[in-house]
Amino acid sequence: MRPIRRLEPAVILAVMGREMANFRTFWKSTVFTSTFEPVVYLLAFGLGLGTTLVADVDGVEYVQFVGTGLVATAVVFSSALPAMFGTFVKERFQRTYDAILAAPVDVEELVTAEMLWIGLRAAVFGCFPLLVTMFFGLDPEPTMLLVPVFAFVTALAFAAFGITVAASVAKIDQFNYVTTLVITPLFLVAGTFFPIEQLPHGLQVLAQFNPLYQLVELVRGACFGLDPVDALRFAGLLTLALVMWRLAINRMTKRLII
Amino acid sequence: MPAIELHGLTKRFGPINAVDGLDLVVDEGICLGLLGPNGAGKSTTMKMLTGQAIPDSGEIRVLGFELPQDAKQARAEMGVVPQLDNLDIDVTVEENLAVFARLYRVADVGAAVDRTLEIARLTDRRKDAVDKLSGGMRRRLLLARGLVHEPKLLLLDEPTVGLDPQIRTELWSLIDGLRSRGTTILMSTHYIEEAERLADEVAVVAAGKVIARGTPAELITEHAGQRTAEVYGPPDRLTEIRGEVEEAGLRVRAAGPAIAIVAAETAPPGLIPEEAVHRAGSLEDVFVMLTGEEAE
(Lines give C-alpha, C1' and ligand atoms only; values in the text may rest on other atoms or scores of the structure.)
Protein backbone atom coordinates (compact mmCIF):
# COMPACT_ATOMS: atom_id res chain seq x y z
CA MET A 1 0.00 0.00 0.00
CA ARG A 2 1.14 3.51 -0.82
CA PRO A 3 2.39 5.29 2.30
CA ILE A 4 0.57 8.54 2.90
CA ARG A 5 2.64 11.38 4.29
CA ARG A 6 1.99 14.95 5.29
CA LEU A 7 2.21 17.77 2.75
CA GLU A 8 2.44 15.52 -0.29
CA PRO A 9 3.69 17.53 -3.27
CA ALA A 10 1.45 15.67 -5.74
CA VAL A 11 -1.63 16.56 -3.70
CA ILE A 12 -0.62 20.20 -3.30
CA LEU A 13 -0.04 20.43 -7.05
CA ALA A 14 -3.42 18.83 -7.71
CA VAL A 15 -5.22 21.38 -5.53
CA MET A 16 -3.29 24.17 -7.27
CA GLY A 17 -4.28 22.55 -10.57
CA ARG A 18 -7.92 23.07 -9.64
CA GLU A 19 -7.24 26.76 -9.06
CA MET A 20 -5.42 27.00 -12.38
CA ALA A 21 -8.27 25.35 -14.26
CA ASN A 22 -10.66 27.91 -12.77
CA PHE A 23 -8.26 30.81 -13.29
CA ARG A 24 -8.15 30.08 -17.02
CA THR A 25 -11.82 31.06 -17.17
CA PHE A 26 -11.32 34.55 -15.71
CA TRP A 27 -7.67 35.49 -16.15
CA LYS A 28 -8.33 38.25 -18.66
CA SER A 29 -10.22 40.50 -16.26
CA THR A 30 -7.68 39.90 -13.49
CA VAL A 31 -4.69 40.66 -15.71
CA PHE A 32 -6.45 43.73 -17.07
CA THR A 33 -7.05 45.12 -13.57
CA SER A 34 -3.55 44.30 -12.44
CA THR A 35 -1.97 46.14 -15.36
CA PHE A 36 -4.38 49.01 -15.61
CA GLU A 37 -4.50 49.91 -11.93
CA PRO A 38 -0.79 50.76 -11.55
CA VAL A 39 -1.03 52.83 -14.71
CA VAL A 40 -3.89 54.84 -13.22
CA TYR A 41 -2.03 55.34 -9.94
CA LEU A 42 1.13 56.29 -11.77
CA LEU A 43 -0.67 58.83 -13.92
CA ALA A 44 -2.58 60.28 -10.97
CA PHE A 45 0.16 60.38 -8.37
CA GLY A 46 3.38 60.08 -10.30
CA LEU A 47 2.55 62.59 -12.96
CA GLY A 48 -0.11 64.59 -11.12
CA LEU A 49 1.78 65.11 -7.85
CA GLY A 50 5.19 64.46 -9.32
CA THR A 51 5.13 67.21 -11.91
CA THR A 52 3.37 69.80 -9.75
CA LEU A 53 4.23 69.36 -6.05
CA VAL A 54 7.05 66.86 -5.59
CA ALA A 55 9.93 66.49 -8.00
CA ASP A 56 11.85 63.75 -6.23
CA VAL A 57 12.22 61.84 -2.97
CA ASP A 58 15.80 61.33 -1.82
CA GLY A 59 17.05 61.74 -5.34
CA VAL A 60 14.52 59.33 -6.87
CA GLU A 61 12.16 60.83 -9.40
CA TYR A 62 8.68 60.87 -7.83
CA VAL A 63 7.04 58.81 -10.58
CA GLN A 64 9.64 56.09 -9.99
CA PHE A 65 9.27 56.41 -6.23
CA VAL A 66 5.54 55.73 -6.52
CA GLY A 67 5.93 53.12 -9.26
CA THR A 68 8.27 50.98 -7.15
CA GLY A 69 6.05 51.46 -4.10
CA LEU A 70 3.02 50.24 -6.03
CA VAL A 71 4.48 46.73 -6.13
CA ALA A 72 3.37 46.33 -2.51
CA THR A 73 -0.09 47.67 -3.37
CA ALA A 74 -0.42 45.14 -6.18
CA VAL A 75 0.76 42.34 -3.89
CA VAL A 76 -1.65 43.05 -1.05
CA PHE A 77 -4.65 43.52 -3.33
CA SER A 78 -3.91 40.36 -5.29
CA SER A 79 -3.33 38.25 -2.19
CA ALA A 80 -5.29 39.28 0.91
CA LEU A 81 -8.53 40.11 -0.91
CA PRO A 82 -8.71 37.07 -3.22
CA ALA A 83 -7.80 34.88 -0.25
CA MET A 84 -10.60 36.35 1.87
CA PHE A 85 -13.32 36.26 -0.74
CA GLY A 86 -12.15 33.14 -2.58
CA THR A 87 -11.87 31.08 0.58
CA PHE A 88 -15.22 32.18 1.92
CA VAL A 89 -17.03 31.58 -1.36
CA LYS A 90 -15.44 28.15 -1.86
CA GLU A 91 -16.15 27.16 1.70
CA ARG A 92 -19.64 28.54 2.18
CA PHE A 93 -21.31 28.92 -1.19
CA GLN A 94 -19.64 26.57 -3.64
CA ARG A 95 -18.86 23.85 -1.08
CA THR A 96 -15.65 23.23 -3.00
CA TYR A 97 -13.68 22.36 0.12
CA ASP A 98 -16.20 19.67 1.06
CA ALA A 99 -15.46 17.99 -2.25
CA ILE A 100 -11.67 18.36 -1.95
CA LEU A 101 -11.59 17.09 1.63
CA ALA A 102 -13.61 14.03 0.65
CA ALA A 103 -10.56 13.09 -1.47
CA PRO A 104 -7.30 12.03 0.21
CA VAL A 105 -6.34 15.65 0.91
CA ASP A 106 -6.08 17.16 4.38
CA VAL A 107 -6.64 20.73 5.53
CA GLU A 108 -2.89 21.35 5.82
CA GLU A 109 -2.37 20.47 2.17
CA LEU A 110 -5.43 22.38 1.07
CA VAL A 111 -4.40 25.60 2.82
CA THR A 112 -0.78 25.26 1.66
CA ALA A 113 -1.87 24.80 -1.95
CA GLU A 114 -4.25 27.76 -1.85
CA MET A 115 -1.52 29.96 -0.35
CA LEU A 116 1.09 28.87 -2.90
CA TRP A 117 -1.25 29.53 -5.79
CA ILE A 118 -2.16 33.01 -4.54
CA GLY A 119 1.53 33.66 -3.79
CA LEU A 120 2.58 32.76 -7.33
CA ARG A 121 -0.14 34.88 -8.88
CA ALA A 122 0.69 37.85 -6.67
CA ALA A 123 4.41 37.46 -7.46
CA VAL A 124 3.58 37.93 -11.13
CA PHE A 125 1.06 40.74 -10.61
CA GLY A 126 3.50 42.44 -8.25
CA CYS A 127 5.94 42.87 -11.13
CA PHE A 128 3.44 44.69 -13.34
CA PRO A 129 3.85 48.12 -11.67
CA LEU A 130 7.59 47.77 -12.06
CA LEU A 131 7.26 47.00 -15.76
CA VAL A 132 4.89 49.92 -16.21
CA THR A 133 7.28 52.25 -14.36
CA MET A 134 10.02 51.27 -16.81
CA PHE A 135 8.04 53.17 -19.41
CA PHE A 136 8.45 56.17 -17.10
CA GLY A 137 12.20 55.88 -17.07
CA LEU A 138 12.99 53.25 -14.44
CA ASP A 139 16.24 51.54 -15.42
CA PRO A 140 16.32 47.73 -15.31
CA GLU A 141 18.71 46.29 -12.71
CA PRO A 142 19.72 42.61 -12.22
CA THR A 143 18.67 42.83 -8.56
CA MET A 144 15.11 43.50 -9.75
CA LEU A 145 14.88 39.74 -10.34
CA LEU A 146 14.51 39.50 -6.56
CA VAL A 147 11.25 41.48 -6.68
CA PRO A 148 9.05 38.46 -7.52
CA VAL A 149 10.69 36.57 -4.65
CA PHE A 150 9.97 39.40 -2.20
CA ALA A 151 6.44 39.68 -3.59
CA PHE A 152 5.87 35.92 -3.33
CA VAL A 153 6.85 35.69 0.34
CA THR A 154 4.80 38.75 1.31
CA ALA A 155 1.84 37.42 -0.69
CA LEU A 156 2.05 34.11 1.18
CA ALA A 157 1.70 35.99 4.46
CA PHE A 158 -1.27 38.01 3.20
CA ALA A 159 -2.89 34.96 1.57
CA ALA A 160 -2.68 33.15 4.91
CA PHE A 161 -4.07 36.25 6.59
CA GLY A 162 -7.00 36.30 4.16
CA ILE A 163 -7.69 32.59 4.65
CA THR A 164 -7.56 33.07 8.43
CA VAL A 165 -10.05 35.93 8.20
CA ALA A 166 -12.37 33.94 5.92
CA ALA A 167 -12.26 30.99 8.32
CA SER A 168 -13.09 33.25 11.25
CA VAL A 169 -16.00 35.44 10.10
CA ALA A 170 -19.61 34.34 10.21
CA LYS A 171 -20.81 36.49 7.31
CA ILE A 172 -19.10 37.82 4.21
CA ASP A 173 -19.99 41.47 4.93
CA GLN A 174 -17.71 41.37 8.00
CA PHE A 175 -14.85 41.59 5.51
CA ASN A 176 -15.59 45.33 5.37
CA TYR A 177 -14.16 45.74 8.88
CA VAL A 178 -10.99 43.95 7.87
CA THR A 179 -10.45 45.99 4.70
CA THR A 180 -11.16 49.29 6.44
CA LEU A 181 -9.34 48.61 9.69
CA VAL A 182 -6.42 46.52 8.48
CA ILE A 183 -5.78 46.50 4.74
CA THR A 184 -6.35 50.20 3.97
CA PRO A 185 -4.17 51.56 6.83
CA LEU A 186 -1.40 49.09 5.98
CA PHE A 187 -1.60 50.13 2.34
CA LEU A 188 -1.53 53.87 3.12
CA VAL A 189 1.26 53.79 5.70
CA ALA A 190 3.63 51.65 3.69
CA GLY A 191 5.72 54.45 2.22
CA THR A 192 4.21 53.93 -1.20
CA PHE A 193 3.13 57.50 -1.87
CA PHE A 194 5.27 59.39 0.63
CA PRO A 195 8.34 58.48 2.68
CA ILE A 196 7.37 57.41 6.19
CA GLU A 197 10.04 59.71 7.59
CA GLN A 198 7.43 62.45 7.16
CA LEU A 199 5.17 60.75 9.70
CA PRO A 200 5.15 61.44 13.46
CA HIS A 201 7.73 59.34 15.29
CA GLY A 202 5.15 56.95 16.83
CA LEU A 203 3.73 56.07 13.42
CA GLN A 204 7.20 55.58 12.03
CA VAL A 205 7.88 52.97 14.69
CA LEU A 206 4.54 51.30 13.97
CA ALA A 207 5.32 51.27 10.25
CA GLN A 208 8.29 49.03 10.97
CA PHE A 209 5.74 46.35 11.85
CA ASN A 210 3.88 46.87 8.59
CA PRO A 211 4.89 44.03 6.24
CA LEU A 212 3.93 46.19 3.28
CA TYR A 213 6.38 48.87 4.36
CA GLN A 214 9.10 46.21 4.57
CA LEU A 215 8.18 45.03 1.08
CA VAL A 216 8.26 48.59 -0.28
CA GLU A 217 11.74 49.04 1.20
CA LEU A 218 12.92 45.73 -0.27
CA VAL A 219 11.57 46.55 -3.73
CA ARG A 220 13.20 50.01 -3.68
CA GLY A 221 16.38 48.29 -2.54
CA ALA A 222 16.22 45.93 -5.49
CA CYS A 223 15.71 48.90 -7.83
CA PHE A 224 18.06 51.50 -6.37
CA GLY A 225 20.56 49.53 -4.28
CA LEU A 226 20.19 46.89 -1.57
CA ASP A 227 21.31 47.38 2.00
CA PRO A 228 22.46 44.77 4.57
CA VAL A 229 19.39 45.58 6.70
CA ASP A 230 17.26 44.29 3.81
CA ALA A 231 18.25 40.72 4.75
CA LEU A 232 16.63 41.36 8.10
CA ARG A 233 13.50 42.72 6.43
CA PHE A 234 13.27 39.61 4.28
CA ALA A 235 13.76 37.34 7.27
CA GLY A 236 10.94 39.21 9.00
CA LEU A 237 8.57 38.65 6.07
CA LEU A 238 9.52 34.99 5.89
CA THR A 239 8.82 34.51 9.59
CA LEU A 240 5.48 36.26 9.27
CA ALA A 241 4.53 34.01 6.33
CA LEU A 242 5.40 30.90 8.35
CA VAL A 243 3.44 32.01 11.41
CA MET A 244 0.41 33.03 9.33
CA TRP A 245 0.57 29.71 7.45
CA ARG A 246 0.17 27.70 10.67
CA LEU A 247 -2.55 30.05 11.92
CA ALA A 248 -4.49 29.69 8.66
CA ILE A 249 -4.30 25.88 8.89
CA ASN A 250 -5.49 26.01 12.47
CA ARG A 251 -8.49 28.25 11.71
CA MET A 252 -9.45 26.32 8.59
CA THR A 253 -9.32 23.00 10.45
CA LYS A 254 -11.73 24.42 13.03
CA ARG A 255 -14.01 25.62 10.24
CA LEU A 256 -13.93 22.59 7.95
CA ILE A 257 -13.72 19.60 10.27
CA ILE A 258 -16.81 19.55 12.43
CA MET B 1 -13.68 -7.92 6.42
CA PRO B 2 -16.70 -5.61 6.36
CA ALA B 3 -16.34 -2.42 4.33
CA ILE B 4 -17.73 -0.28 7.14
CA GLU B 5 -17.98 -0.92 10.88
CA LEU B 6 -19.51 1.64 13.20
CA HIS B 7 -19.89 1.00 16.91
CA GLY B 8 -21.58 3.25 19.44
CA LEU B 9 -21.06 6.32 17.31
CA THR B 10 -22.18 9.63 18.80
CA LYS B 11 -21.93 13.21 17.57
CA ARG B 12 -23.41 16.20 19.35
CA PHE B 13 -23.94 19.71 18.01
CA GLY B 14 -24.57 21.82 21.09
CA PRO B 15 -27.71 20.44 22.71
CA ILE B 16 -28.58 18.21 19.74
CA ASN B 17 -27.49 14.58 19.58
CA ALA B 18 -27.24 14.29 15.79
CA VAL B 19 -25.87 10.76 16.01
CA ASP B 20 -26.71 8.95 19.21
CA GLY B 21 -25.15 5.52 19.66
CA LEU B 22 -25.25 4.34 16.06
CA ASP B 23 -24.14 0.79 15.24
CA LEU B 24 -23.79 -0.35 11.65
CA VAL B 25 -21.85 -2.98 9.75
CA VAL B 26 -21.81 -2.89 5.95
CA ASP B 27 -20.48 -6.03 4.26
CA GLU B 28 -18.38 -5.83 1.16
CA GLY B 29 -20.22 -5.89 -2.16
CA ILE B 30 -23.65 -4.85 -0.97
CA CYS B 31 -25.66 -1.70 -1.43
CA LEU B 32 -26.93 -0.57 1.94
CA GLY B 33 -29.61 2.07 2.09
CA LEU B 34 -29.55 4.32 5.11
CA LEU B 35 -33.21 5.26 5.23
CA GLY B 36 -34.45 7.89 7.59
CA PRO B 37 -36.34 11.16 7.83
CA ASN B 38 -34.56 14.50 7.45
CA GLY B 39 -32.51 15.21 10.55
CA ALA B 40 -32.11 11.54 11.48
CA GLY B 41 -28.30 11.87 11.43
CA LYS B 42 -27.61 10.35 8.00
CA SER B 43 -25.49 13.18 6.62
CA THR B 44 -23.51 13.54 9.85
CA THR B 45 -22.78 9.81 9.76
CA MET B 46 -21.57 10.18 6.16
CA LYS B 47 -19.27 13.05 7.19
CA MET B 48 -17.78 10.93 9.95
CA LEU B 49 -16.99 8.18 7.44
CA THR B 50 -14.67 10.53 5.55
CA GLY B 51 -13.12 12.16 8.60
CA GLN B 52 -14.84 15.47 7.85
CA ALA B 53 -16.68 15.17 11.13
CA ILE B 54 -15.04 13.81 14.27
CA PRO B 55 -17.26 11.68 16.51
CA ASP B 56 -17.60 12.49 20.20
CA SER B 57 -17.36 8.78 20.96
CA GLY B 58 -17.54 5.43 19.26
CA GLU B 59 -15.47 3.47 16.78
CA ILE B 60 -15.24 3.83 13.02
CA ARG B 61 -13.46 1.39 10.75
CA VAL B 62 -13.66 1.94 6.99
CA LEU B 63 -11.98 -0.50 4.57
CA GLY B 64 -9.85 -1.69 7.47
CA PHE B 65 -8.67 1.81 8.45
CA GLU B 66 -9.32 3.30 11.88
CA LEU B 67 -10.94 6.72 11.67
CA PRO B 68 -10.45 9.57 12.22
CA GLN B 69 -6.67 8.99 12.46
CA ASP B 70 -6.32 7.07 9.17
CA ALA B 71 -9.07 8.94 7.35
CA LYS B 72 -6.78 10.03 4.53
CA GLN B 73 -5.87 6.45 3.60
CA ALA B 74 -9.51 5.42 3.79
CA ARG B 75 -10.56 8.34 1.58
CA ALA B 76 -8.04 7.27 -1.06
CA GLU B 77 -10.09 4.12 -1.60
CA MET B 78 -13.59 5.48 -1.36
CA GLY B 79 -15.64 7.70 -3.60
CA VAL B 80 -17.98 10.35 -2.23
CA VAL B 81 -20.96 11.82 -4.02
CA PRO B 82 -22.26 14.76 -2.00
CA GLN B 83 -25.84 15.82 -1.58
CA LEU B 84 -25.12 19.34 -2.83
CA ASP B 85 -23.68 19.92 -6.28
CA ASN B 86 -20.18 21.33 -5.76
CA LEU B 87 -18.81 21.02 -9.27
CA ASP B 88 -16.65 23.83 -10.68
CA ILE B 89 -19.24 25.35 -12.97
CA ASP B 90 -17.02 27.57 -15.17
CA VAL B 91 -14.65 24.72 -15.90
CA THR B 92 -15.27 22.03 -18.52
CA VAL B 93 -16.72 18.62 -17.78
CA GLU B 94 -13.43 16.83 -18.47
CA GLU B 95 -11.40 19.26 -16.38
CA ASN B 96 -13.69 18.70 -13.41
CA LEU B 97 -12.94 14.99 -13.69
CA ALA B 98 -9.21 15.47 -14.35
CA VAL B 99 -8.80 17.67 -11.26
CA PHE B 100 -10.26 14.94 -9.08
CA ALA B 101 -8.30 12.18 -10.81
CA ARG B 102 -5.17 14.09 -9.78
CA LEU B 103 -6.43 14.64 -6.24
CA TYR B 104 -6.81 10.86 -6.01
CA ARG B 105 -3.31 10.35 -7.55
CA VAL B 106 -4.72 8.31 -10.44
CA ALA B 107 -1.77 7.20 -12.60
CA ASP B 108 -3.42 7.60 -16.00
CA VAL B 109 -5.60 10.71 -15.71
CA GLY B 110 -6.65 10.69 -19.37
CA ALA B 111 -7.90 7.11 -19.21
CA ALA B 112 -9.76 7.78 -15.95
CA VAL B 113 -11.48 10.80 -17.50
CA ASP B 114 -12.49 8.83 -20.61
CA ARG B 115 -13.80 5.94 -18.54
CA THR B 116 -15.90 8.11 -16.21
CA LEU B 117 -17.24 10.21 -19.08
CA GLU B 118 -18.45 6.96 -20.57
CA ILE B 119 -20.16 5.94 -17.31
CA ALA B 120 -21.88 9.32 -17.04
CA ARG B 121 -22.68 9.26 -20.78
CA LEU B 122 -21.14 12.71 -21.15
CA THR B 123 -18.39 11.94 -23.67
CA ASP B 124 -19.89 14.25 -26.27
CA ARG B 125 -20.17 17.09 -23.72
CA ARG B 126 -16.62 16.80 -22.38
CA LYS B 127 -15.50 20.20 -23.66
CA ASP B 128 -18.54 22.08 -22.36
CA ALA B 129 -18.47 24.18 -19.22
CA VAL B 130 -20.51 22.62 -16.44
CA ASP B 131 -22.97 25.51 -16.31
CA LYS B 132 -24.05 24.60 -19.85
CA LEU B 133 -25.26 21.18 -18.68
CA SER B 134 -28.80 20.22 -17.68
CA GLY B 135 -29.58 19.34 -14.07
CA GLY B 136 -29.55 15.61 -14.83
CA MET B 137 -26.21 15.79 -16.60
CA ARG B 138 -24.67 17.69 -13.71
CA ARG B 139 -25.89 15.06 -11.33
CA ARG B 140 -24.39 12.29 -13.49
CA LEU B 141 -21.11 14.20 -13.61
CA LEU B 142 -21.13 14.55 -9.83
CA LEU B 143 -21.52 10.79 -9.57
CA ALA B 144 -18.81 10.17 -12.17
CA ARG B 145 -16.42 12.45 -10.27
CA GLY B 146 -16.70 10.09 -7.30
CA LEU B 147 -15.61 7.19 -9.52
CA VAL B 148 -12.42 8.55 -11.16
CA HIS B 149 -10.20 6.36 -8.98
CA GLU B 150 -12.36 3.19 -9.18
CA PRO B 151 -13.19 3.19 -5.47
CA LYS B 152 -13.93 0.02 -3.52
CA LEU B 153 -16.57 1.86 -1.55
CA LEU B 154 -18.96 4.54 -2.70
CA LEU B 155 -20.80 6.91 -0.37
CA LEU B 156 -23.91 8.42 -1.91
CA ASP B 157 -25.54 11.12 0.17
CA GLU B 158 -29.14 11.56 -0.97
CA PRO B 159 -28.15 10.92 -4.60
CA THR B 160 -31.41 12.02 -6.18
CA VAL B 161 -32.69 14.63 -3.75
CA GLY B 162 -34.67 17.34 -5.53
CA LEU B 163 -34.51 15.73 -8.98
CA ASP B 164 -37.49 15.18 -11.21
CA PRO B 165 -38.70 11.57 -11.66
CA GLN B 166 -37.20 10.97 -15.08
CA ILE B 167 -33.70 12.05 -14.01
CA ARG B 168 -34.08 10.04 -10.84
CA THR B 169 -34.82 6.87 -12.80
CA GLU B 170 -31.84 7.56 -15.05
CA LEU B 171 -29.55 7.91 -12.04
CA TRP B 172 -30.94 4.80 -10.44
CA SER B 173 -29.98 2.68 -13.43
CA LEU B 174 -26.49 4.17 -13.25
CA ILE B 175 -26.14 3.31 -9.56
CA ASP B 176 -27.62 -0.12 -10.20
CA GLY B 177 -24.89 -0.71 -12.79
CA LEU B 178 -22.19 0.07 -10.21
CA ARG B 179 -23.80 -2.22 -7.70
CA SER B 180 -23.87 -5.13 -10.11
CA ARG B 181 -20.14 -4.58 -10.73
CA GLY B 182 -19.49 -5.25 -7.05
CA THR B 183 -18.78 -1.77 -5.69
CA THR B 184 -19.85 -1.54 -2.07
CA ILE B 185 -22.34 1.30 -1.75
CA LEU B 186 -23.62 3.14 1.29
CA MET B 187 -26.48 5.36 0.23
CA SER B 188 -28.39 7.67 2.47
CA THR B 189 -31.87 8.55 1.35
CA HIS B 190 -35.21 9.63 2.63
CA TYR B 191 -36.99 8.32 -0.45
CA ILE B 192 -38.56 4.92 0.20
CA GLU B 193 -38.70 4.06 -3.48
CA GLU B 194 -34.99 4.72 -3.87
CA ALA B 195 -34.15 2.34 -1.04
CA GLU B 196 -36.57 -0.26 -2.43
CA ARG B 197 -35.12 -0.06 -5.91
CA LEU B 198 -31.41 -0.02 -5.10
CA ALA B 199 -30.68 -1.37 -1.66
CA ASP B 200 -29.84 -5.01 -0.94
CA GLU B 201 -30.28 -4.16 2.71
CA VAL B 202 -31.86 -1.23 4.47
CA ALA B 203 -30.99 0.29 7.82
CA VAL B 204 -33.76 2.51 9.14
CA VAL B 205 -32.30 5.46 11.05
CA ALA B 206 -34.21 7.70 13.42
CA ALA B 207 -32.95 10.15 16.05
CA GLY B 208 -29.33 9.19 15.39
CA LYS B 209 -29.71 5.42 15.81
CA VAL B 210 -30.28 2.41 13.56
CA ILE B 211 -33.67 1.18 14.68
CA ALA B 212 -34.15 -1.66 12.20
CA ARG B 213 -32.00 -3.50 9.72
CA GLY B 214 -32.58 -6.14 7.06
CA THR B 215 -33.49 -6.79 3.46
CA PRO B 216 -36.63 -4.92 2.39
CA ALA B 217 -38.55 -8.24 2.49
CA GLU B 218 -37.35 -9.04 6.01
CA LEU B 219 -38.22 -5.59 7.26
CA ILE B 220 -41.68 -5.78 5.77
CA THR B 221 -42.36 -9.18 7.35
CA GLU B 222 -41.05 -8.09 10.71
CA HIS B 223 -42.36 -4.56 11.03
CA ALA B 224 -45.41 -4.44 8.75
CA GLY B 225 -47.07 -7.62 7.57
CA GLN B 226 -48.11 -9.48 4.45
CA ARG B 227 -50.98 -7.25 3.58
CA THR B 228 -51.98 -3.68 4.25
CA ALA B 229 -55.58 -2.54 3.98
CA GLU B 230 -56.18 1.08 3.00
CA VAL B 231 -59.50 2.63 3.87
CA TYR B 232 -60.73 5.84 2.27
CA GLY B 233 -63.64 7.90 3.53
CA PRO B 234 -64.75 10.99 5.45
CA PRO B 235 -62.47 11.86 8.42
CA ASP B 236 -65.11 11.04 11.04
CA ARG B 237 -65.66 7.58 9.64
CA LEU B 238 -61.89 6.95 9.42
CA THR B 239 -61.43 7.99 13.06
CA GLU B 240 -64.17 5.56 14.04
CA ILE B 241 -62.67 2.64 12.07
CA ARG B 242 -59.21 3.46 13.40
CA GLY B 243 -60.51 3.25 16.97
CA GLU B 244 -62.15 -0.13 16.39
CA VAL B 245 -59.18 -1.64 14.60
CA GLU B 246 -56.67 -0.40 17.17
CA GLU B 247 -58.84 -1.77 19.95
CA ALA B 248 -58.56 -5.17 18.29
CA GLY B 249 -54.76 -4.83 18.59
CA LEU B 250 -53.91 -3.93 14.99
CA ARG B 251 -51.64 -1.06 14.02
CA VAL B 252 -52.88 1.79 11.88
CA ARG B 253 -51.12 4.70 10.26
CA ALA B 254 -52.22 7.76 8.36
CA ALA B 255 -51.64 7.43 4.62
CA GLY B 256 -52.47 10.78 3.02
CA PRO B 257 -56.27 11.01 2.85
CA ALA B 258 -56.64 7.38 3.92
CA ILE B 259 -55.70 5.20 6.85
CA ALA B 260 -53.59 2.09 6.36
CA ILE B 261 -54.12 -0.97 8.53
CA VAL B 262 -50.90 -2.99 8.51
CA ALA B 263 -50.76 -6.78 8.86
CA ALA B 264 -54.39 -6.86 7.77
CA GLU B 265 -54.15 -10.64 7.39
CA THR B 266 -54.16 -10.94 11.18
CA ALA B 267 -57.47 -9.09 11.61
CA PRO B 268 -60.54 -11.08 12.79
CA PRO B 269 -63.15 -11.53 10.03
CA GLY B 270 -65.46 -8.58 9.58
CA LEU B 271 -63.23 -6.04 11.32
CA ILE B 272 -61.83 -4.45 8.21
CA PRO B 273 -64.51 -2.69 6.15
CA GLU B 274 -65.36 -4.33 2.86
CA GLU B 275 -64.52 -1.28 0.78
CA ALA B 276 -60.87 -1.38 1.98
CA VAL B 277 -58.23 -1.69 -0.72
CA HIS B 278 -55.84 -4.53 0.03
CA ARG B 279 -52.23 -4.45 -1.11
CA ALA B 280 -48.94 -6.10 -0.16
CA GLY B 281 -47.11 -4.70 2.87
CA SER B 282 -44.41 -2.22 1.80
CA LEU B 283 -41.22 -0.59 2.96
CA GLU B 284 -43.24 2.58 3.29
CA ASP B 285 -45.41 0.87 5.91
CA VAL B 286 -42.23 -0.14 7.75
CA PHE B 287 -40.79 3.35 7.55
CA VAL B 288 -43.89 5.09 8.82
CA MET B 289 -44.55 2.55 11.55
CA LEU B 290 -40.96 2.80 12.79
CA THR B 291 -40.28 6.50 12.49
CA GLY B 292 -43.77 7.93 12.83
CA GLU B 293 -43.01 10.20 9.88
CA GLU B 294 -45.05 10.50 6.72
CA ALA B 295 -43.10 9.00 3.85
CA GLU B 296 -41.95 10.96 0.80
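Start with two helices in chain A: select α4(A), residues 80-93, and α7(A). Their axes come within 7 Å and cross at roughly 40°. Note the hand of the crossing: α4(A) passes α7(A) in a right-handed sense. This is a predicted model, so keep that in mind at every stop.

**The α4(A)–α7(A) contact**

Show side chains on both helices. On α4(A), pick A80(A), L81(A), A83(A), M84(A), T87(A), F88(A) and E91(A). On α7(A), the partners are F158(A), A159(A), F161(A), G162(A), I163(A), V165(A), A166(A) and A167(A). Now colour by class. The contact has 12 nonpolar residues, two polar and one charged.

**The largest nonpolar core**

Stay on α7(A) and widen the view. The largest nonpolar core holds 172 residues. Label the members with the most contacts inside this core: A155(A), L156(A), A160(A), I163(A) and V219(A) from chain A, with L155(B) and I261(B) from chain B. Which element gives the largest share of this core? Helix α7 of chain A, residues 147-168, supplies that share, with 16 residues. I163(A) should look familiar: this residue was also among those that α7(A) brings to the contact with α4(A). On the chain B side, the core takes at least three residues from domain 1 (4-219) and at least three from domain 2 (225-280). In soluble globular proteins, nonpolar side chains tend to be buried together.

Zoom in on A160(A). Ignore its neighbours within four places in sequence. What remains in contact with A160(A) is M115(A), A241(A), M244(A), W245(A), L247(A) and A248(A).

**Helix α2 of chain A**

Next, select T35(A). This threonine sits in helix α2 of chain A, residues 27-52. Is T35(A) buried or exposed? T35(A) counts as partly exposed, because it has 15 C-beta neighbours inside 10 Å. Draw a distance from T35(A) to L146(A). The C-alpha atoms are 20 Å apart, across 111 residues of sequence.

**Where chain A meets chain B**

Select the residues of each chain that touch the other. You should have 23 from chain A in contact with 23 from chain B. On the chain A side, two elements give two or more residues: α1 (9-23) and α5 (96-101). Of the elements, α1(A) gives the most, with seven residues. Colour this side by class again. There are 14 nonpolar, five polar and four charged residues.

**Chain B as a whole**

Hide chain A. Chain B has 10 helices and 14 strands. Its C-alpha atoms fill a box of roughly 70 × 45 × 35 Å along the principal axes. Of its 296 residues, 49% count as buried. Turn on a contact map if your viewer has one. Among contacts in chain B with a separation of 6 or more, 68% join residues 24 or more positions apart.

Colour by domain. Domain 1 runs over 4-219 and domain 2 over 225-280. How far apart do the C-alpha centres of the two domains of chain B lie? The distance is 38 Å.

**Loops of chain B**

Four loop stops remain.

- Go to the loop between β5 (65-67) and α2 (71-76) of chain B, where P68(B) lies. Check the bond before this proline: the peptide from L67(B) to P68(B) is cis, with omega near 5°.
- Select E150(B), in the loop between α5 (135-145) and β7 (153-157) of chain B. Its phi is near 45°, a positive value in a residue other than glycine. E150(B) counts as partly exposed, because 14 C-beta neighbours lie inside 10 Å.
- Move to Y191(B), in the loop between β8 (184-189) and α7 (192-198) of chain B. With 18 other C-beta atoms within 10 Å, Y191(B) is partly exposed. Draw a line to G256(B): 65 residues away in sequence, 16 Å away in space, C-alpha to C-alpha.
- Finish at A207(B), in the loop between β9 (201-206) and β10 (209-214) of chain B. Phi is positive here too, near 50°, and A207(B) is not a glycine. A207(B) is partly exposed, with 16 other C-beta atoms within 10 Å.

Methods. Residues are numbered from 1 along each chain as its sequence is written. Chains are lettered from A and ligands numbered from 1 in the order in which they are written. This is a predicted model: local features need pLDDT of at least 70, side-chain atom pairs count only at pLDDT 80 or more; totals for chains, interfaces and linings use all residues. A nonpolar core is a set of buried Ala, Val, Leu, Ile, Met, Phe, Trp, Tyr and Cys residues joined through C-beta atoms within 7 Å. A residue is buried if 20 or more other C-beta atoms lie within 10 Å of its own, exposed if 12 or fewer, and partly exposed in between; C-beta atoms are placed from the backbone. Helices (H or I, at least four residues) and strands (E, at least two) are DSSP runs, numbered from the N terminus. Domain bounds come from an automatic or database domain assignment. Two residues are in contact if their C-beta atoms, placed from the backbone, lie within 7 Å. Axes are lines fitted to C-alpha atoms, for helices over the stretch in contact, and angles run from 0 to 180 degrees between N-to-C directions. A crossing is left-handed if the near helix is turned anticlockwise from the far one by less than a right angle, and right-handed if clockwise. Ala, Val, Leu, Ile, Met, Phe, Trp, Tyr, Cys and Pro count as nonpolar, Asp, Glu, Lys and Arg as charged, and the others, Gly among them, as polar.
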